[in-house]
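Q: Please take a close look at one part of this model and describe it in plain terms. I would like each technical term explained as it comes up.

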Amino acid sequence: MTAQATEPLAAHADLIAAVRRRLGSGVDVENIAIPTLGGINRTILFDVVDRGHARRYVSRQETYVDPDSPFLPTGDQFRAMRIAFDHGLPVPEPVFEYDTTDGMGNGFVTAFAAGETMPKRIQTGAAFDAVRPRLVGEAADILARIHALPLAGFDFLGHRPGSVDTLSAHRDLYDGYRQPRPAIEAGFRWLERNRPDTVDRAFLHGDFRLGNLMVDAALGISGVLDWECAHLGSPAEDLGWFCTRSWRFAGPNRPAAGLASRQDLLDAYRAAGGGFYDADEIRYWEIFGLVRFAVLNMMQNHGHVSGQRRGLVYAACGRNTALVEYDLLMTLAGHYD
Amino acid sequence: MTDALRPQSPDMGDILRTVQAFLKECEPQLAAESRYKAQVASYLLGICEREIAHGPLRREGADALCADIRAGRHDGNWEALLDQLLDETRAAVRVTKPSHMGEKA
């Protein structure tokens, strides 16, 4: 996220009031900024200054409330982050949720995690040369710890469509957009015919990829962001999403986030206490990942053309569906690995 | 009054390139959020320019093909299906972003 110029305080009286209700009427809010690439939610960065001591926070508000939205309600995101944080995972500390008194809609405030999220800078920037060789190992360790979180705490996710059957959930989304796309249909058909025999069940982050990891040039992975796709399922789904071609950027021939091989990731995951998965099972979930990303691009297109949420970036996502279909077909045909 | 429209100059492709060049000129003066959007706007205009040169993208019978794939009626000629879909998708990528296949825009 790249912050733009500081926002006028007067435009954020509601945010300031919400913060003072929780953190004390004597605190000041300063340096309010709205970052680029905030994604699905409206994101605001700000400092809270308490008796001369400043700490940076992030506010996230839901903007897209399509009843068919595949994203977790913000209250559930907050709960999932809370559990992960309490188990010592590198999650920005969840601070408070907005309520009706705040007039901020649905959303929450967390501590700000400093670092870089732009994949290409992490993959190729000289500043990250020292930390880069450690990143896949750290990611594998974090994934193993996420997947080891006690399932009993996540009953509230059990009825999410993605928790019941993630493949059907995405096909239902696709069907809802009423735009027949034979390449995506072929992807679904292949996934249906090649379903893994047994599926383990764990809590999944659901969107664990390089762009959602905050990386500090000295310390490594300092935060795991964007928990809005959390659900229950096979850990192999998270591992496969991490390797999905769309997230390799500068390193298309190194499946694990464009940084290492699948086997490097799987070995590190096992060494960190994670389960055993073979590379072919990860490949299955990478095909799923490409289908899923194509459907997410269709979702952005749908929001745009239906008028619910118009915008340049969403229009571009609609057209980019074809690029993901190309990667999917090249992979299905065996031209890409 | 006539429905016929005499070819005018500059043509649409030229107009799109001209607006794109203007957006590029503006980029350095814009704050991060707007600069990113200006880049996306240029990208969208590039798609329009290539689509005008290509002609409309249209596939008749996508509904029927999708239904056949879902019902398994292409399971027996899967490789041929993938080849056909790849041909069509290459055409779409050539309009959207040729560099995605390593081709020049």
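A: **A helix pair across two chains**

α6(A) and α3(B) run roughly parallel to each other; angles under 35 degrees count as roughly parallel, over 145 as roughly antiparallel, 65 to 115 as roughly perpendicular, and the rest as oblique. The model is predicted, so local features need pLDDT of at least 70 and side-chain atom pairs count only at pLDDT 80 or more, while totals for chains, interfaces and linings use all residues; side-chain values use heavy atoms, without hydrogens or water. Residues are numbered from 1 along each chain as its sequence is written, and chains are lettered from A, and ligands numbered from 1, in the order in which they are written.

Helix α6 covers residues 182-193 of chain A and helix α3 residues 62-70 of chain B; they pack at an angle of about 5°, with their axes 9 Å apart. Helices (H or I, at least four residues) and strands (E, at least two) are DSSP runs, numbered from the N terminus. Axes are lines fitted to C-alpha atoms, for helices over the stretch in contact, and angles run from 0 to 180 degrees between N-to-C directions.

Contact means heavy atoms within 4.5 Å. On α6(A) the contact is made by A:Pro182, A:Glu185, A:Ala186 and A:Arg189, and on α3(B) by B:Ala62, B:Leu65, B:Cys66, B:Ile69 and B:Arg70. These residues divide into six nonpolar, no polar and three charged. Here Ala, Val, Leu, Ile, Met, Phe, Trp, Tyr, Cys and Pro count as nonpolar, Asp, Glu, Lys and Arg as charged, and the others, Gly among them, as polar.

A:Arg189 also forms a salt bridge with B:Asp75, the closest N and O atoms being 2.4 Å apart. A salt bridge is a side-chain nitrogen of Lys or Arg within 4 Å of a carboxyl oxygen of Asp or Glu. Across the interface of chain B and chain A there are five salt bridges by this rule.

For the interface as a whole, 34 residues of chain B are in contact with 33 residues of chain A. The two chains bury about 3,000 Å² between them, 69% of it on carbon and sulfur atoms; buried area is the accessible area (1.4 Å probe) that two parts lose on being put together, summed over both.

Further along chain A, A:Arg178 is found in the loop between α5 (161-176) and α6. Phi of A:Arg178 is near 50°, a positive value in a residue other than glycine.
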